[in-house]
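Hi,

Here is the structure I promised to pass on. Have a look at it first, and then read my notes below.

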Amino acid sequence: MSKLAAKIALVEFRPDETWQHVVIADQEKCRRCPDKNCLRVCPSGVFAWDNIPGHPVLVSYRQCIECGACRLACPEGAVEFSYPHGGYGVVFHQG
Amino acid sequence: MMSDWFKTKKPHKLPTRAQPATDAPAPRKYDAVVVGAGPAGASAAYFMARDGLDVLLLERGPFPGAKTCGGAAIIAEQAHELFPNFWEEFSYERIVTRLDYWWLSEDSAVTAGFTSSRLSAAPYNRLSVKRKNLYTWLAAKAVAAGATLLLGHHVAGVLLDGYQAVGVRVAPPQSTDYLADLVILADGANSLLAERAGLIPPVTAANLSLYAKETIALPPATIEERFCLPPGQGAAIGLIGYPTAGYNGTGSIHTFHDSINISAGMSVSAYAAGGFSPGDLLERIKKHPRIQPLLDGGVTTEYGAAMIPEGGYHAIPPLVHPGLLIAGDAASLVNGIHGINLAMWSGFYAAKAAFEAKKNRDFSIRKLSLYRTLLDESFILQNMRTNAKAATLQRDRPYLFDLYSRLANEAAYQMVRAYPMPVKDKRKFIWRKVTSLQPVGKIAADIWQVLKVVKG
């Protein structure tokens, strides 16, 4: 079990289809960001980029485990992180 | 008999309550509303409700503990002071009788540990716990004492009247306002509420650590065999050096009844600097030749990650505000590996301050400052003050954990080797090996700095 996708598949998520709790409001900031820490720091691979300059950073909020590290790691302050609405999001069972 | 200890534990069922409809009339005003049903929030709610206050406890997860993970062991003796014989009331995992520290290099480990059957008698030293079981039990206690618990309620903001907190606003789907004389924020490490209300400075990537964990299922007998444990007893192992890939951070192994929780983490800024993810650290540890055999054949059942405030004493934000107190992780009350206990005690002190404020019908900063005074006089802040410089030390010497783990392993390796040379020459040889990794003057300076921090 080393592939992140396989690990993410083990986690229970109750995604909110009507509201996205982590967003990048201004992709312009990401375009000029040389580090893109979000791509690596996020433990559940929420952020994805196709390595083509000018293309946006995609946010797969449905697999977010709600640690909130992205907003701290982003040097541009571009990640707007909030928690999902009540009853939605990740559910941990194993402690 | 010990082998059957877990069968006598009954899982606690949380009483279910009807959720208020969105078009319900405006709810009544509470004495206190507590945000977050973790160890800090649920303890505060329990002690306030026990003292006769009208308490509302709001939790955004579908059950307490659903939104956090990692570890964990509870220091039984400290919790016992607040909740006598609490281990009889919920389902813990194992009685920790083996405590180890492993300093790892890429292929070896220097270890120090203590194991004793003296730790297996009540009041226990540490009990490994699943957060879900511990938090659910604690919240159920608050409910039994008279508090109202609402699950699936995410608090989006604090309601302010000028500077005075007067309640909280719950996000959709409920979209309700709850009014209260006192708001207690126990919403965890990433306390967006306090930050957004302008009550605390924004938390920083240097002060918050990100830990990833994996739960790996193994038969109880296999766990006991691999960790040399009597049935029902458990181990907690701190992993230093290699796990965090050259940065200051820690890993840990906790044994549960039929699984192992392995975790690793370091500050968010270290990940940003290193260019890898917490999941990478976990994979690194799992493949280590000393650790892989412990996990062999196990099945990963859950992956997760969470942040822990590790800024220490100097990172504690202002905790007392007009009509509002901050407790637990949200208050940055984590001292090394102690977090759950500090959270429970801070909840207890917040409840004491709340009771006095209610009695005097005075929820000003002046009255509520009793919370900070109680904390200051308690072991919580005294211990955090003692360790106050540890965070700075780690920041100033980012090589500390990794370099000295490698150095210890190299020295130990050369020591256990038997060379065809006189012992005197061998000692010189080892000395040269060690000082080739770090000049002797720098070693002396590092030791001096560490001693200064340890001495407090």
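One definition before we start: the radius of gyration used here is taken over C-alpha atoms, and the rule for a globule is 2.2 Å times the number of residues to the power 0.38. Also keep in mind that this is a predicted model.

Now to chain B as a whole. For its 456 residues the rule gives a radius of gyration near 23 Å for a compact globule, and chain B comes out at 24 Å, so the two agree. If you lay the C-alpha trace of chain B along its principal axes, the span is about 85 × 50 × 40 Å. The chain holds 16 helices and 17 strands.

How much of chain B is buried? The share is 55% of the 456 residues. What chain B does expose adds up to about 19000 Å², and carbon and sulfur atoms account for 56% of that. As for charge, you'll find 48 positive and 38 negative side chains in chain B, with the centres of the two sets 5 Å apart. Contacts in chain B often reach far along the sequence: take those between residues at least 6 apart, and 73% of them join residues at least 24 apart.

Next, the inside. Nonpolar side chains tend to be buried together in soluble globular proteins. Here the largest nonpolar core has 91 residues, and B:M48, B:F86, B:L333 and B:Y371 are the ones with the most contacts inside it. The biggest contribution to this core comes from α9(B), with 12 residues. A separate core has 47 residues, including A:L72, B:I223, B:I262 and B:M266.

B:Y371 is a good one to click on. Beyond its neighbours within four places in sequence, its contacts include B:L319, B:V320, B:L325 and B:I326. B:L333, B:Y349 and B:A353 are also among the residues that B:Y371 contacts.

Then try B:S332, in the loop between β17 (324-326) and α9 (340-360) of chain B. Is B:S332 buried or exposed? Its relative accessible area is 8%, and the cut-off for buried is under 20%, so B:S332 counts as buried. Leaving out residues up to four places away in sequence, B:S332 touches B:P309, B:A315, B:I316, B:P317 and B:M384.

Finally, some backbone oddities. Most peptide bonds are trans, and most residues other than glycine have a negative phi. Four spots in this model go the other way:

- B:G71 and B:A72 are joined by a cis peptide bond, with omega about 5 degrees. B:A72 sits in the loop between β2 (55-58) and β3 (73-75) of chain B.
- B:P172 and B:P173 are also joined by a cis peptide bond, again with omega about 5 degrees. You'll find B:P173 in the loop between β9 (164-170) and β10 (177-185) of chain B.
- A:N51 is not a glycine, yet its phi is positive, about 65 degrees. A:N51 belongs to the loop between β3 (47-48) and β4 (58-59) of chain A, and it counts as exposed because its relative accessibility is 60%.
- B:C228 has a positive phi too, near 55 degrees, and is a residue other than glycine. The loop between α5 (220-226) and β12 (233-241) of chain B is where B:C228 lies, and with a relative accessible area of 63% B:C228 is exposed.

Have fun exploring!

How values were computed
Residues numbered from 1 in each chain as written. Chains lettered and ligands numbered in written order. Predicted model: local features only at pLDDT ≥ 70, side-chain atom pairs only at ≥ 80, totals over all residues. Heavy atoms only, no water. Helix = DSSP H or I, 4+ residues; strand = E, 2+ residues; numbered from the N terminus. Buried < 20%, exposed > 50% of the residue type's maximum accessible area, 1.4 Å probe, protein only. Contact = heavy atoms within 4.5 Å. Areas by Shrake-Rupley, 256 points an atom, 1.4 Å probe, with all protein chains shown as cover. Lys, Arg positive; Asp, Glu negative; His and termini not counted. Charge placed at Lys NZ, Arg CZ, Asp CG, Glu CD. Core = buried A, V, L, I, M, F, W, Y, C linked by side-chain atoms within 4.5 Å.
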